[in-house]
Amino acid sequence: MEIINFDKSSGQLKKDGEYMYSILTELFPYNRSITGDGVRKTFDVLKRELKLLTTTEISSGTKCFDWTAPQEWKVKEAYIIAPDGTKVVDFKEHNLHLVGYSISIDKIVTLDELQEHLHSLPDQPNAIPYITSYYKKYWGFCLSDYQRKDLKDGNYRVYIDSEHFNGTLTYGELVLPGETEQEVFFSTYICHPSMANNELSGPTVLLGLAKWLASIKHRKYTYRFLFIPETIGSIAYLSKNLKNMKKNILLGYNISCVGDDDNYSFIPSRQGNTISDRLLKSILKYETDEFKEYSYLERGSDERQYCSPGVDLPIATFCRSKFCEYPEYHTSLDDLSFVSRKGLATSLLLLKKTVYSFENNYKVVAVNKCEPHLSKYNLYPTISTKKSTETVMDLMNFLAYADGRSILDISEKINLSVLKCIDIFKILQKKNLIASAPSVSEK
Amino acid sequence: MEIINFDKSSGQLKKDGEYMYSILTELFPYNRSITGDGVRKTFDVLKRELKLLTTTEISSGTKCFDWTAPQEWKVKEAYIIAPDGTKVVDFKEHNLHLVGYSISIDKIVTLDELQEHLHSLPDQPNAIPYITSYYKKYWGFCLSDYQRKDLKDGNYRVYIDSEHFNGTLTYGELVLPGETEQEVFFSTYICHPSMANNELSGPTVLLGLAKWLASIKHRKYTYRFLFIPETIGSIAYLSKNLKNMKKNILLGYNISCVGDDDNYSFIPSRQGNTISDRLLKSILKYETDEFKEYSYLERGSDERQYCSPGVDLPIATFCRSKFCEYPEYHTSLDDLSFVSRKGLATSLLLLKKTVYSFENNYKVVAVNKCEPHLSKYNLYPTISTKKSTETVMDLMNFLAYADGRSILDISEKINLSVLKCIDIFKILQKKNLIASAPSVSEK
Amino acid sequence: MEIINFDKSSGQLKKDGEYMYSILTELFPYNRSITGDGVRKTFDVLKRELKLLTTTEISSGTKCFDWTAPQEWKVKEAYIIAPDGTKVVDFKEHNLHLVGYSISIDKIVTLDELQEHLHSLPDQPNAIPYITSYYKKYWGFCLSDYQRKDLKDGNYRVYIDSEHFNGTLTYGELVLPGETEQEVFFSTYICHPSMANNELSGPTVLLGLAKWLASIKHRKYTYRFLFIPETIGSIAYLSKNLKNMKKNILLGYNISCVGDDDNYSFIPSRQGNTISDRLLKSILKYETDEFKEYSYLERGSDERQYCSPGVDLPIATFCRSKFCEYPEYHTSLDDLSFVSRKGLATSLLLLKKTVYSFENNYKVVAVNKCEPHLSKYNLYPTISTKKSTETVMDLMNFLAYADGRSILDISEKINLSVLKCIDIFKILQKKNLIASAPSVSEK
């Protein structure tokens with residue numbers, strides 16, 4: 001991949017942020033779930049932006065390892081009418097009001113009976129929680145705890161007009177071919193209703209990344225982007241594609257909660273020291289002010305499937321505020337104000353740097369035995385004083401470990417960012433001081 | 001081994017404590033040494049309790065690697081008569097009064113001459129020290145420093161009627177056969193006179209363990225218990241049995257000082273990361289409030305022989321207050337009040353848990369690729385909220401590492417006690433979600 | 001190598017210190033550079049002291065890997081005459097006044113023009129800095145910042161009568177053959193003008209070491225000492241001798257800045273865990289009060305060449321105050337008062353201990369299975385009490401790890417100095433309790 005100067009990208013950052021935030025805003029209202037028209041509408045927008053994106057439909061009932069693709073779920077209306085005749089809760093107003101996959105109901109219930117089917121968060125009294133019951137028949141409503149406390153005694157009408165039927169589960173896939181079939185893989189999910197960081201930040205940042213990669217002329221690797229319903233989607237995809245994935249994927253990330261501009265987070269793959277782990281950690285170390293490294297024991301998204309025994313793909317998870325760890329998670333407070341243009345854009349920049357580093361992660365060997373005579377190459381200051389030796393030290397350190405290692409290996413060894421190591425590599429390559437092996441295919 | 005709920009064992013604990021303490025009390029008065037009738041009387045009691053226990057006699061002079069089985073030692077009488085005619089020190093009153101293996105003497109000596117053969121502890125003036133001179137001809141008496149300071153000038157009669165003769169060295173052995181010849185090995189020593197923690201706690205706790213194991217129907221492993229004089233006993237036994245021991249022993253512990261109810265201690269084997277080390281450390285970590293891990297450089301009991309170069313058995317040492325580390329060690333203060341029913345019983349419980357864990361330490365593999373659909377198996381809460389996911393996390397973590405590892409491996413990886421991991425294993429096994437390899441035979 | 005009691009060497013220390021300091025004083029005034037007569041005069045002195053030392057001349061222009069042996073440089077006169085006619089800077093007064101490899105000049109310049117060619121240190125206003133320009137044509141003078149600030153406006157005459165011509169580059173080499181061709185290698189440099197710690201301490205300490213080794217009858221290893229101009233010298237030597245060096249060198253050190261009596265320093269080889277690294281670290285740990293371990297990233301002397309990729313010799317660097325790390329480094333303050341007889345002598349002692357330890361670093365195996373019966377060998381105290389067991393513990397620990405490891409391995413394992421381990425080894429060997437493999441040839 002050609003040299004990219006990421007530091008000169010503040011205009012690009014702004015443009016990227018505006019673009020991703022506008023798409024996120026457009027997608028926000030749809031009532032996504034693990035199946036259904038909310039997902040399809042989401043793909044309509046994504047396909048409009050990414051012509052190469054294709055969708056696949058998996059029929060309800062299809063076996064996927066230990067799982068079965070679920071029935072489709074469609075909601076027409078859902079509300080609660082109070083004793084005084086007012087609609088106190090209405091799915092039309094916020095699609096979090098309805099428990100995901102609720103069955104139909106039309107019934108008069110007492111307040112006590114109703115309470116059994118209500119969900120609120122006493123600790124976050126202004127938030128509507130996000131609740132689902134995919135695999136057990138149930139109906140229920142979610143509302144703020146303030147609103148719940150206001151409910152008066154009396155008879156309530158609960159009305160849900162929903163349908164469960166044999167349909168399909170939809171996922172999207174985009175492939176950008178490279179010089180080799182070996183792949184860089186990205187996965188994100190599109191199964192949550194109106195929440196911004198978890199989940200729309202994932203699809204919009206990958207949209208930005210895919211558009212950027214599509215614009216690049218020479219890609220060494222093939223890039224695959226997956227937009228799936230969480231858990232069942234990755235399991236379904238793995239059940240169909242595991243063999244090829246194990247053959248081709250060299251580097252992979254699950255992308256989730258990348259729209260806020262708080263700290264960065266990293267969940268390693270199960271094996272924990274794959275190149276995906278090492279590279280992302282290195283990028284986070286040198287390109288962010290601070291990041292938090294979680295343990296695989298704190299996983300919670302599709303890395304659970306991608307890294308499971310026998311699957312064992314080199315896939316780590318990248319977040320800003322990690323799922324489950326921020327108070328707005330899985331509530332109505334995870335809204336358009338919780339994410340930002342800057343958060344989306346800086347997450348995208350970090351992924352661009354990761355991809356760029358991987359594309360350039362050559363195995364390198366110094367051409368000469370002993371140090372080269374740097375002053376011959378205009379790489380050494382003329383007058384040797386106490387301090388001038390330090391200025392070429394990064395370059396000398398790079399050469400000192402250029403013994404067949406990859407650039408990432410050297411970066412880890414000499415405590416210098418991969419991006420700076422790539423800069424040095426390109427300088428040395430131009431001076432014929434370094435030889436590089438064909439593309440790295442570490443797993 | 002069938003499932004055991006160790007938490008419901010407080011009645012058992014009490015019963016075990018009473019039983020072991022009563023045997024310990026019965027054995028306390030005998031004048032044990034590395035040979036002789038004190039040892040044989042000890043075995044009479046142990047054989048009464050454990051019908052399968054057998055004893056072996058090794059003739060004095062038998063070569064055992066670099067050592068030779070010593071002559072037998074028998075004491076009829078030993079005392080000191082003061083200038084005023086009173087018996088100031090008498091072996092009959094406390095068998096620690098006589099230096100072990102003292103030769104016969106009958107002589108009038110001045111107080112100054114006598115002092116050369118007296119041993120006391122100025123820092124513990126009320127304690128009689130325990131001293132031996134197995135391999136160099138010597139005579140001497142031990143007494144409290146208070147008593148020693150009271151001795152008046154004048155002539156003393158020192159009288160020791162002892163005998164050294166070619167006899168035998170006795171050790172005891174108990175084998176409980178299992179489904180396989182592969183062994184779990186326990187060793188303790190029976191060569192110290194009237195001291196309670198070091199040493200009678202070892203034999204009585206192993207007596208309790210052997211009786212418990214004998215009562216269990218299906219033992220996967222063969223269990224071997226050795227009751228030997230320290231050092232010369234293990235060397236003698238190793239010199240006869242090394243080949244079979246190296247072939248069969250998978251797990252082994254030297255048991256010493258396990259009768260007080262203070263902190264737990266652990267001395268690793270020489271290699272330091274055998275399954276014996278890892279399993280006992282794991283049990284100590286999760287089943288005790290606190291324990292101290294020593295280095296092999298702080299060893300001091302028969303692990304010195306079992307782990308020596310060329311022997312290298314996977315044998316670690318388990319203590320409460322470690323030998324050499326508590327002030328009462330090797331003095332008359334290590335008496336019946338220093339050990340307790342509770343101390344003996346909790347040590348036994350810990351060994352039961354260790355054995356149970358080893359019997360169940362299967363290598364396990366998840367049956368499905370990807371996570372199983374837990375709600376199908378009634379293993380998953382229906383309503384998914386922020387917190388409900390945490391409750392099944394232990395089970396999911398277990399499955400996440402069920403890739404052919406042993407249960408102990410998983411326990412170490414997911415930071416969950418082996419006993420809890422075994423519980424999870426049994427649940428998953430019942431649901432056919434996990435396959436287990438035939439018994440683990442890690443060394 | 002026969003047993004040496006280094007503790008009884010205070011007379012030797014004094015003698016060594018006097019000797020090395022007197023040679024250092026004699027060598028101090030010469031105007032050494034990477035080539036030329038200053039170097040040759042230095043070798044005249046060294047050859048007088050070491051009859052076996054030979055010198056080699058490499059012609060200017062000879063290719064040495066990526067480098068070329070430089071032209072020779074000779075200075076007749078160099079000074080600056082102030083507007084008032086006084087000689088304000090004169091090479092005759094201090095050879096640091098002239099920038100190394102300055103070209104000839106004879107010119108009237110203004111003070112402003114002169115300033116472009118002056119070098120001083122504002123932070124160390126009384127020091128003349130040491131500056132060179134080996135590979136770019138340049139002229140310049142160095143002076144104290146005090147003196148520089150005193151220069152008045154006006155016209156200055158700058159006069160340098162120097163010559164660059166095709167000549168030779170000189171290095172010295174000394175080989176002391178041993179029983180085997182396998183080598184212990186020492187390297188130091190002789191290319192700096194009048195500075196004491198960096199550099200004359202290195203050649204004088206190696207002179208002391210070589211004289212001591214020459215006086216020893218049985219040397220297991222061959223010893224090679226190299227006295228070279230830094231960088232170009234090691235590169236030139238490597239370009240001619242790499243194959244044999246890789247074949248023969250088992251242990252090696254670059255010696256630099258070893259004349260002050262401050263703290264000790266250690267720079268590991270690039271690979272970082274060679275026997276050269278481990279042994280010197282062990283000696284520094286047990287034989288000095290304190291030492292500082294640097295990273296290979298903080299290297300700066302000929303280890304840069306000896307450890308470069310494809311060369312990879314097991315060569316670490318030993319210093320007192322490390323180059324670049326003390327304020328007097330590369331200035332006129334690094335003079336005869338900065339080094340001391342004691343500093344030189346204690347550095348030499350440390351190298352003697354290192355050599356002695358390597359000569360005795362046998363691989364050892366306990367002769368007996370289980371512990372030997374120490375009292376048979378008069379190695380065990382007769383009366384066993386709580387504390388007497390501790391006194392033989394070092395010996396027992398040594399035996400506990402005598403399973404084919406080297407003495408250095410054991411030293412690291414049991415936390416006992418190599419020298420003490422060698423003492424124990426010699427005792428055990430005499431008692432036939434230990435077998436030793438032929439000399440260690442670890443790399």
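How many residues does the contact take from chain A and from chain B? The contact takes 24 residues from chain A and 19 residues from chain B. This is a predicted model. The points below cover that contact, the relation between chain B and chain C, and the domains of chain A.

**Where chain A touches chain B**

- Two helices of chain A, α6 (232–248) and α8 (303–306), each supply at least two residues of the side that touches chain B.
- By class, that side of chain A has 13 nonpolar residues. Seven polar and four charged residues are there as well.

**How chain B relates to chain C**

- Two copies of a chain are related by a rotation about an axis and a shift along it.
- Here, a turn of 120 degrees and a shift of 0.1 Å along the axis lay chain B on chain C. The RMSD is 0.1 Å.
- The two copies are therefore related as by a three-fold rotation axis.
- Within chain B, B:Asn273 has the C-alpha nearest the axis, 13 Å from it.

**The domains of chain A**

- The domain assignment of chain A gives domain 1 (6–69 + 168–359), domain 2 (72–165) and domain 3 (363–436). Domain 1 is written as two segments.
- In chain A, the C-alpha centres of domain 1 and domain 2 lie 31 Å apart.
- Their contact takes 16 residues from domain 1 of chain A and 16 residues from domain 2 of chain A.
- Which classes make up the side of domain 1 of chain A that touches domain 2 of chain A? Its residues divide into ten polar, five nonpolar and one charged.

Key: Residues are numbered from 1 along each chain as its sequence is written. Chains are lettered from A and ligands numbered from 1 in the order in which they are written. This is a predicted model: local features need pLDDT of at least 70, side-chain atom pairs count only at pLDDT 80 or more; totals for chains, interfaces and linings use all residues. Two residues are in contact if their C-beta atoms, placed from the backbone, lie within 7 Å. Helices (H or I, at least four residues) and strands (E, at least two) are DSSP runs, numbered from the N terminus. Ala, Val, Leu, Ile, Met, Phe, Trp, Tyr, Cys and Pro count as nonpolar, Asp, Glu, Lys and Arg as charged, and the others, Gly among them, as polar. Copies are superposed by least squares on the C-alpha atoms of residues with pLDDT of at least 70 in both. Domain bounds come from an automatic or database domain assignment.
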